[in-house]
Structure formats: C-alpha cells, structure tokens
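Let's take a walk through a protein model together. Have the structure open in your viewer, and pause wherever you like along the way.

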Amino acid sequence: LLEDLVLKPSLITDIVPFFLALLPPEKQSEISWDQEDMFEWASFEGRELDVKKDIVKWNAATLGNCFTFNHDSRPDKFPLRYAGEREGFRALMRVRQDEYLDWIDTASLLVFVHSNTETVFGESLRFQAIPGGETTLKISQTLFKRLGGKFGACVEDKNEVQSYYYEGEYTTDGCLRSCYQDAVFEACECMDPRFPRKEGVNSCDMSKRTCVVKITEERGDPSNWEDCVCPLPCFNGQYTVRWSQRGDCSRHKPNLDLVAECQRNLTDNVLISVHFPELIQQTFKEEPKMDFNKFMSTLGGLLGALCGVCFITFIEFGFFIFRVVSVIFFGK
C-alpha cells in the first residue's frame with residue numbers, strides 16, 4: 001500500500017474512506033467542519049438565514065460534511081418567487097486553508113446545483129469556488145417527462161429496480177452504484193464505504209480494499225453490465241449553469257491601498273451567489289404520435305375523402321343491420 005501511495009499520491013483520496021469505515025457515522029461527521037466553521041453569513045431574497053436551521057448538514061464518505069439549502073428533509077422550504085441576483089442564495093464562506101491536509105493542492109469549496117429531491121454524488125457536476133473573490137452561478141431548469149410503458153422503459157419509483165440504496169428520488173446514477181454495491185457484496189461480503197450501502201451490511205475496511213478494487217478492474221463500469229438494468233426516470237429535472245468568477249476587491253480600484261486591505265481580509269473567504277436570471281423553465285414532454293382520438297379523427301377523414309363516408313352513413317348502416325335482423329328473426 002505504501003509503495004502504491006509513493007508512486008501515485010492521488011490514491012489517498014480513495015483510501016481515506018476505507019479508514020473512515022472503521023468509525024461510526026456520527027464520528028465521521030464530528031471530525032469534519034460544522035456550519036459555524038464554514039459560514040460567515042447566508043441569505044435568501046435579501047434576508048439573512050439561520051445557518052443551523054435553514055442549512056442542513058449531512059455527511060458523505062468521499063465529500064465529508066456537506067451543507068444543503070432547501071434540503072428535502074426541511075418541512076418549511078423557501079419557494080422561488082423572484083428572479084435576480086439579490087433574490088437568490090448568497091453566502092460568505094470560509095475556506096479554512098490552514099486546516100487542509102498536506103496532499104490537497106487546490107484551495108476551494110465545491111458547489112453542487114441540484115434538485116432538493118435528488119442525492120448528490122461525489123462525481124456529480126460541481127463548481128469550484130476559490131477564496132479571495134466572488135463565484136456566481138446563474139442557473140436555469142429544464143424538465144423531462146417520458147411516457148414509459150410501450151413507448152420505452154422508464155422508472156417512476158425507485159422500488160421498480162432491483163436495488164437502490166440512495167435517499168431521494170430515483171436517478172440512473174444511483175441505480176448503477178447500487179448495482180455495483182450488490183456486486184461488491186457478492187464478492188467481498190461487505191460494501192464499498194465510498195457509497196451508500198444496504199441497511200445492516202458492513203462497510204469494507206482496508207483488509208477488503210483489494211477485493212473491492214478488483215470488481216471495477218475485472219468488470220468495468222456498471223453501465224455495461226448485462227445484469228444491471230437502470231432505465232432513465234420517467235420524470236426528472238436538469239439544471240444549466242453559467243459560471244463566473246471575479247475578484248471581489250475589484251470594486252476598490254484604482255485605490256491600491258483599499259484593494260490590498262480587501263485582499264488581506266478575503267484571503268480565506270469566498271462569496272457564493274446562486275440565482276435564476278429569469279423565471280423561465282423549459283419542459284420536454286413525450287407524447288404519443290397518435291392516440292385514440294387522433295386515430296378516429298384520421299380514420300373519419302380518410303373514409304370521408306376516399307369513400308364518401310360520414311356520420312350519417314354509420315346511422316344508415318346501423319339502421320340497415322337492424323332491419324336485416326328484424327326480417328330474419330321476425331319476418332318483418
């Protein structure tokens with residue numbers, strides 16, 4: 001193991017979760033940062049938030065403690081009512097570079113933009129907010145609605161797939177990682193500590209790391225496994241983000257003294273702004289090319305055009321059948 005670390009120091013980020021697997025979940029959270037350690041202040045729609053109440057802390061093995069605004073577990077959520085930077089989410093946060101471990105070479109915070117009903121993964125799309133300035137994320141949302149059934153496979157509820165160990169709504173990525181965990185459990189009798197696992201199943205420690213790594217080396221990505229069936233969700237949303245960053249001290253130019261003082265104060269802080277520039281939402285919805293009503297309308301049009309058939313024709317035909325039956329059975 002030490003030889004591998006010397007040759008490839010980046011392996012430490014994959015090894016740490018196996019060490020943390022020896023600790024109970026509450027201990028893993030205790031050794032990471034809390035809300036008071038990270039937030040100077042946070043606001044929404046120009047009003048300051050209570051970071052302990054309005055921002056939920058949760059722990060992930062590969063990310064440490066994470067903080068989510070409008071988390072799904074909160075009974076009172078903040079609805080989106082206005083567009084614009086002032087009406088969005090803003091937070092001045094500490095990066096805490098003085099406490100970084102020696103193998104970390106980038107000082108930044110990771111910002112994830114996602115639906116409050118979806119779980120964030122360690123590999124999810126993220127944006128880096130570096131200290132000493134302001135990071136702005138301008139977002140827009142696109143919704144996708146799929147028909148499913150005979151029109152193509154899709155999942156409405158996570159109980160429809162063989163296994164799913166993540167909280168929140170169904171996602172294809174969560175399904176694939178759950179398939180991977182099942183394969184690890186079958187081979188190693190434990191589950192990879194880097195991802196959520198089935199309740200009651202132990203995490204793999206360092207003694208099982210070789211067994212866990214061998215699963216991916218031998219079988220490849222779960223999306224290519226024949227026994228791992230993970231269709232798209234029937235309904236999901238996707239955010240498009242425009243990212244920008246600027247030195248927050250630029251407003252003091254050309255006074256170089258004020259710029260230098262501002263930079264000293266913001267050396268370890270970053271201002272994060274997330275907002276909708278406009279309240280416009282795109283929706284892509286699958287519809288059958290021809291339903292029953294369209295079929296009857298098309299059929300009627302064709303019969304009328306090609307055969308001179310109309311609604312009166314069907315009434316006359318029905319009356320003709322009635323008369324034939326009357327003559328056959330009653331002689332009238």
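What follows moves from the overall make-up to the salt bridges, then to a pair of helices and a few single residues.

Please keep in mind that this is a predicted model. The protein has 332 residues, and 35% of them are buried. Its secondary structure consists of 10 helices and 13 strands. How do distant stretches of the chain figure in the contacts? Among contacts with a separation of 6 or more, 66% join residues that lie 24 or more positions apart.

Let's turn to the charged side chains. How many salt bridges are there? The count comes to 12. One of them pairs Glu30 with Lys27, with 3.6 Å from N to O. Both residues belong to helix α3, which covers residues 25-30, and their spacing of 3 residues puts about one helical turn between them. Glu30 is exposed, at 54% relative accessibility, because the cut-off for exposed is over 50%. Lys27 has a relative accessible area of 41% and is partly exposed.

A second salt bridge joins Lys52 and Asp34, whose closest N and O atoms are 3.8 Å apart. This pair links distant parts of the chain, with the two positions 18 residues apart in sequence: Lys52 sits in helix α5 (residues 51-54), while Asp34 is in the loop between α3 and α4 (35-38). Lys52 is partly exposed, with a relative accessible area of 46%. The Lys52 and Asp34 side chains also belong to a wider group, since a network of salt bridges links Asp34, Glu36, Lys52 and Lys57.

Helix α5 also takes part in another salt bridge, through Asp54. The side chain of Asp54 meets that of Arg74 at 3.7 Å, N to O. Arg74 lies in the loop between β4 (64-69) and β5 (89-94), so the bridge ties together parts that are 20 residues apart in sequence. Are these two residues buried or exposed? Asp54 is buried, at a relative accessible area of 10%, and Arg74 is buried as well, at 13%. Both values fall under the 20% cut-off for buried.

Next, find helices α6 and α7. Two packed helices are described by the angle between their axes and the distance between the axes. Here, α6 (residues 172-188) and α7 (residues 209-219) pack at about 120 degrees, with their axes 9 Å apart. That angle makes α6 oblique to α7. The crossing is right-handed.

Which residues meet where α6 and α7 pack? From α6 come Tyr180, Ala183, Val184, Ala187 and Cys188, and from α7 come Cys211, Val212, Ile215, Thr216 and Arg219. By class, this contact has 8 nonpolar residues, 1 polar and 1 charged.

Now look for Trp225, in the loop between α7 and β10 (232-233). Trp225 is buried, at 7% relative accessibility. Setting aside neighbours within four places in sequence, Trp225 is in contact with Cys179, Tyr180, Ala183, Ile215, Arg219 and Gly220. Several of these names are familiar from the helix pair: Tyr180 and Ala183 are in α6, and Ile215 and Arg219 are in α7. Trp225 and Tyr180 are 45 residues apart along the chain, and their C-alpha atoms are separated by 9.5 Å.

Thr283 offers another view of sequence separation. Thr283 is in strand β13 (residues 282-285) and is partly exposed, at 43% relative accessibility. Its C-alpha atom is 8.9 Å from that of Gly237, a residue 46 positions away along the chain. Not counting residues up to four places away in sequence, Thr283 touches Leu143 and Lys145.

Finally, let's look at the backbone. Most residues other than glycine have a negative phi, and most peptide bonds are trans. Glu45 has a positive phi, near 55 degrees. Glu45 lies in the loop between β1 (39-44) and β2 (47-48), and is buried at 11% relative accessibility. Glu189 also has a positive phi, about 60 degrees, although it is not a glycine. Its place is in the loop between α6 and α7, the two helices described above. Glu189 is exposed, at 65% relative accessibility.

Methods
Residues numbered from 1 in each chain as written. Predicted model: local features only at pLDDT ≥ 70, side-chain atom pairs only at ≥ 80, totals over all residues. Heavy atoms only, no water. Salt bridge = Lys/Arg side-chain N within 4 Å of Asp/Glu carboxyl O. Helix = DSSP H or I, 4+ residues; strand = E, 2+ residues; numbered from the N terminus. Buried < 20%, exposed > 50% of the residue type's maximum accessible area, 1.4 Å probe, protein only. Axes fitted to C-alpha atoms, helices over the stretch in contact; angles between N-to-C directions. Parallel < 35°, antiparallel > 145°, perpendicular 65-115°, else oblique. Left-handed = near helix turned anticlockwise from the far one by under 90°. Contact = heavy atoms within 4.5 Å. Nonpolar A, V, L, I, M, F, W, Y, C, P; charged D, E, K, R; others polar.
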